[in-house]
Amino acid sequence: MSAYVTADEQDGAAFHGDILEAIFSHVPLVDLASSSCVSRGWERAVSSSLSHFNALKPWLFLHSPSAAAYDPRSAVWMDINYRPPITPAAPLRSAHSTLLYTLTPSQFSFSIDPLHLTWHHVDPPLTWRTDPIVAFLAHRSIVIAGTCDFVDEPPAIEIYDLESKRWDTFDELPSIFAEYATATWFSVAVDDDKLHVMHKNSGAIFSFDPINKSWAGPYDLKPDPDVFSSIIGFVGGRMVVVGLMGSPEDVKSVKIYEVVDQFSECREIGEMPKLLVEKLQGESAEMTSIGLSSAGDFMFLHHGSDPVEVIQCEMVGGGCRWGIVPDTVVDDRTRLRWLVFTSSIVGIGDLKKALRSESPRFTVKVKDSNVH
């Protein structure tokens with residue numbers, strides 16, 4: 001037997017592998033990023049712990065424009081102490097859970113990486129428009145509709161290609177956008193090759209192929225006559241519809257449906273507990289719409305215009321596991337209205353890169369769980 005002992009062997013002697021992995025299962029992910037750098041043995045233990053004990057879960061981000069993040073894996077909030085390099089006067093917006101952007105007459109800035117550390121600053125669309133639908137798909141940014149006071153017939157769609165660094169236009173647009181031109185009326189989701197846009201009130205959905213520049217639809221995705229407003233998103237690799245039942249003044253229920261058979265059917269897979277529906281609506285006189293951020297098997301739901309509470313839903317098997325995101329980050333209820341929500345899957349590699357950079361510093365703000 002060799003008389004020499006490696007550093008990794010010393011690590012193993014201090015903590016048996018299974019014990020170390022179990023310990024790591026209770027450690028917040030942001031701290032595991034540092035722990036995995038101690039040695040190769042610790043790096044293997046961190047990886048094994050995430051695989052077998054306490055797996056990664058998507059984070060919820062609140063941007064204002066400084067950021068806070070909630071990790072359901074450890075039920076902790078973190079401050080991300082950096083400011084994105086955007087124009088201060090430009091309002092920060094989000095779309096389809098992962099896209100964060102600002103749009104002004106002089107610049108279009110957007111970020112798509114999990115922690116939004118990287119920003120692209122490009123020329124604005126050829127025609128200035130107010131409150132357009134904005135999405136990012138593959139290497140293309142897509143700007144649709146919106147209102148325009150300066151041009152009689154602005155381009156219906158403008159597409160920015162990150163590779164060619166050029167804007168292109170397309171004039172075909174479904175007739176519904178003539179009456180409902182702004183993003184307020186629509187919910188947006190993207191998959192690998194298409195942009196899907198749903199009219200919240202009617203449930204009509206249209207799909208846009210940016211490569212072939214073609215529309216498909218409308219498809220009727222109103223799952224129940226009692227649904228007065230609905231939104232779409234992708235959870236666990238499948239499209240879901242979240243429907244508000246009843247009326248804006250009296251929301252009776254919130255139900256989750258899976259879209260099956262190429263938009264031909266919506267199958268109910270879950271219903272929010274009544275107590276959480278009441279939390280979602282809060283003290284608002286009405287709730288005309290709902291907000292959704294999703295990644296992996298998680299979705300985070302909030303009141304569309306007065307988001308006091310955030311409800312989380314994890315897709316488990318064929319159903320839903322519900323809970324409340326602890327609201328300890330925002331003390332003043334009115335401040336939450338100015339926050340922008342995104343969600344993304346954050347890995348050890350993302351955190352290592354962030355911790356090595358000069359601008360962000362991550363600190364755990366609170367370790368508390370109020371999940372029901």
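Trainee: In this predicted model, which residue stands opposite Lys255 in β18?

Mentor: Gly243 stands opposite Lys255 in β18.

Trainee: What makes β17 and β18 a pair of strands?

Mentor: Two strands pair if DSSP finds at least two bridges between them, and β17 and strand β18 (residues 250-260) have 8 bridges in the antiparallel sense, so the definition of a pair is met. A hairpin of 2 residues joins β17 to β18.

Trainee: How do you know that β16 also pairs with β17?

Mentor: Strand β16 (residues 227-235) runs antiparallel to β17 and is joined to that strand by 8 bridges, with Ile231 standing opposite Val242 in β17. Here too there is a hairpin, with 2 residues between the strands, and Gly236 in the turn has a positive phi of about 60°.

Trainee: Why is β17 called mostly covered?

Mentor: Of the 10 residues in strand β17 (residues 238-247), 7 are buried.

Trainee: Why is there no disulfide between Cys313 and Cys320?

Mentor: A disulfide needs sulfur atoms within 2.5 Å, whereas the sulfur of Cys313 is 3.6 Å from that of Cys320, its closest cysteine sulfur, and is therefore too far for a bond. A search of the whole structure likewise finds 0 disulfides.

Trainee: Why is Cys313 called buried?

Mentor: Buried means under 20% relative accessible area, and Cys313 has 0% relative accessibility, so Cys313 counts as buried.

Trainee: How do you know that the span of helix α4 agrees with what is expected?

Mentor: At 1.5 Å a residue, the 13 residues of α4 (residues 40-52) should span 18 Å, and the end C-alpha atoms are 18 Å apart, so the two values agree. Among the buried residues of this helix are Trp42, Val46 and Leu50.

Notes: Residues are numbered from 1 along each chain as its sequence is written. This is a predicted model: local features need pLDDT of at least 70, side-chain atom pairs count only at pLDDT 80 or more; totals for chains, interfaces and linings use all residues. Side-chain values use heavy atoms; hydrogens and water are left out. Buried means under 20% relative accessible area, exposed over 50%, partly exposed in between (1.4 Å probe, protein chains only). Helices (H or I, at least four residues) and strands (E, at least two) are DSSP runs, numbered from the N terminus. The expected span of a helix is 1.5 Å times one less than its number of residues.
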